[in-house]
Amino acid sequence: MNLTHALIAEDVAKAYTTGKIDTSVLDGLSLALEARELALVLGPSGSGKSTLLAILSGLLRPDRGRIVALGEDLWKLSRVQLERFRLQHTGFVFQGFNLFPALSAVEQVMLPLGYLGLDKRTAQNRALAALEEVGLGSRVHLRPLEMSGGEKQRVAIARALAKKPQLLFADEPTSALDSVNGKIVIDSLHRIARNFGATVVCVSHDHRLAASADRIITIQDGLIQSDTVSSANGRSDKLHNGTVPADAAQPEPAS
Ligand SMILES: Nc1ncnc2c1ncn2[C@@H]1O[C@H](COP(=O)(O)OP(=O)(O)OP(=O)(O)O)[C@@H](O)[C@H]1O
Ligand SMILES: [Mg+2]
C-alpha cells in the first residue's frame, strides 16, 4: 500500500472492555481503498463491520494501528482538526435513516450544509442536485411519513452526498429494504463513487449486493478473509490484506 490510496487502515486493532472481560473485535486488520471505488465489506453479525466503519471514518479511535485518510494520519490530528476533517471530507449513512419527521426531503438534505457555512441558496441548489442524483428529483417536498423505506434511505444518502465528501461510509444501508429498493440504493452509492470520484465503503451482511460493488472484502474474527476486485468491474483479481497489484492501482477515468 502507498500514500496515493484514498483510505488506508494499517494494522488496526480494537477490543471492547465490558466489566473485566476484553473482547477483541479487530485484530491487526490492514486495508487500502481507492478513489472511485465502491468497496463492500461483508461479514456475519458481530464480526466488527460497524466497528471497522467507525474506525475508518475517524469516529472511533483504534487501540493500535493507524488510519490515513486523504493523506492525513487521522489520530495525529488535534480533536478540532479531526472534527473539521470529518465535516469537510466524510459523509455517513446510518442504518436507521435518522430523518426529522417535520422536514421535507430537501430540508433534510440542506440541514448539514449550514454547518459547512454555505448560504441558503447554494445549500438548496446542492440539496436539489443530490436528490436528483439519487432519483428523487420529483419528490423533494415529501416528508418522511409520505416516503417509502427506499426513498427515506435515498434521502439519507443525498444528505451525505450533498456535502460532496471524498469519503462516504454507509452502515447496512439496505437492511430495511426489499431487494428492488436495496438494488436502487446500492446503485446510487456506486454512481456516487464513479461520478464524484469518492471512495465509498459500505458494510452489509447482504451478499446480494456483491454484484453491484467494485470490490468485495469479507471479514471474520477481526481479520480480512478475502478481498476481491469484482469481475463486473472488468477484472477479477484476488487481493490479500489490502495489498493491491500494480495493474489495479489506477482507477478508471470518470465518464
Ligand atoms: N460499545 C461497545 N461496547 C462493548 N462491545 C461492543 C460495543 N460495540 C460493539 N461491541 C461488540 O463488538 C462486536 C462487533 O460489533 P459490531 O457492531 O462492529 O459488529 P457488526 O459486524 O457491525 O454486527 P451487525 O451485523 O450485527 O451490525 C460485537 O460482539 C459487539 O457486541
Ligand atoms: Mg453493524
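A residue is taken as buried if 20 or more other C-beta atoms lie within 10 Å of its own, with C-beta atoms placed from the backbone. By that yardstick, buried residues make up 42% of the 255 residues in the chain. The structure is a predicted model, and the chain holds six helices and 11 strands. As for how the chain folds back on itself, take the contacts between residues at least 6 apart in sequence: 68% of these join residues at least 24 apart.

Ligand 1 makes a handy starting point. Its surroundings consist of Tyr16, Thr18, Val25, Gly43, Ser45, Gly46, Ser47, Gly48, Lys49, Ser50, Thr51 and His205. By class, this shell has two nonpolar, nine polar and one charged residues. Strand E1 (7-18) and helix H1 (49-56) each put at least two residues into the shell. Of the contributors, H1 gives the most, with three residues.

Strand E1 has another feature to look at, away from the ligand list. Asp11, which lies in E1, has a positive phi of about 55° even though it is not a glycine. Asp11 has 14 other C-beta atoms within 10 Å, so it counts as partly exposed. A similar backbone oddity turns up at Leu70, again not a glycine, where phi is positive at about 50°. Leu70 sits in the loop between strand E4 (64-69) and strand E5 (72-73). Because it has 18 C-beta neighbours inside 10 Å, Leu70 is classed as partly exposed.

Next come the helices. Two packed helices are described by the angle between their axes and the distance between the axes. Helix H3 (residues 105-115) packs on helix H5 (residues 149-161) at an angle of about 30°, and the two axes are 8 Å apart. Angles under 35 degrees count as roughly parallel, so H3 is roughly parallel to H5. The crossing of H3 over H5 is right-handed. On the H3 side the contact is made by Ala105, Gln108, Val109 and Pro112, and on the H5 side by Val155, Ala158 and Arg159. Sorted by class, those residues come out as five nonpolar, one polar and one charged.

The H3 side of this contact also ties in with burial. The buried residues in H3 are Ala105, Val106, Gln108, Val109, Met110 and Leu113. An α-helix has 3.6 residues a turn, so residues three or four places apart point the same way. Ala105, Gln108 and Val109 appear among the buried residues of H3 and also in the contact with H5. The cover over the buried residues of H3 includes H5 as well as helix H4 (120-133). After H3 comes Gly117, with a positive phi near 85°.

H5 has a second helical partner. Its axis and that of helix H6 (residues 179-196) come within 9 Å and cross at roughly 15°. That angle makes H5 roughly parallel to H6. Here too the crossing is right-handed. From H5, the residues involved are Gly149, Gly150, Gln153, Arg154, Ile157 and Leu161, and they meet Asn181, Ile184, Val185, Ser188, Leu189 and Ile192 of H6. This contact is made up of six nonpolar, five polar and one charged residues.

Two loop residues round off the picture. His141 lies in the loop between H4 and H5. It counts as exposed because it has 10 C-beta neighbours inside 10 Å. Even so, His141 reaches back to the start of H3: leaving aside neighbours within four places in sequence, it is in contact with Ser104, Ala105 and Val106. His141 and Val106 are 35 residues apart in sequence, yet their C-alpha atoms are 6.4 Å apart in space.

Asp206 is the other one, placed in the loop between strand E8 (199-204) and strand E9 (215-220). With 17 other C-beta atoms within 10 Å, Asp206 is partly exposed. Not counting residues up to four places away in sequence, Asp206 touches Thr174, Ser175 and Gly182. From Asp206 to Ser179 the separation is 27 residues in sequence and 9.8 Å in space, C-alpha to C-alpha.

Note on methods: Residues are numbered from 1 along each chain as its sequence is written. Chains are lettered from A and ligands numbered from 1 in the order in which they are written. This is a predicted model: local features need pLDDT of at least 70, side-chain atom pairs count only at pLDDT 80 or more; totals for chains, interfaces and linings use all residues. A residue is near a molecule or strand if its C-beta atom, placed from the backbone, lies within 6 Å of it. Helices (H or I, at least four residues) and strands (E, at least two) are DSSP runs, numbered from the N terminus. Ala, Val, Leu, Ile, Met, Phe, Trp, Tyr, Cys and Pro count as nonpolar, Asp, Glu, Lys and Arg as charged, and the others, Gly among them, as polar. Axes are lines fitted to C-alpha atoms, for helices over the stretch in contact, and angles run from 0 to 180 degrees between N-to-C directions. Angles under 35 degrees count as roughly parallel, over 145 as roughly antiparallel, 65 to 115 as roughly perpendicular and the rest as oblique. A crossing is left-handed if the near helix is turned anticlockwise from the far one by less than a right angle, and right-handed if clockwise. Two residues are in contact if their C-beta atoms, placed from the backbone, lie within 7 Å. A residue is buried if 20 or more other C-beta atoms lie within 10 Å of its own, exposed if 12 or fewer, and partly exposed in between; C-beta atoms are placed from the backbone.
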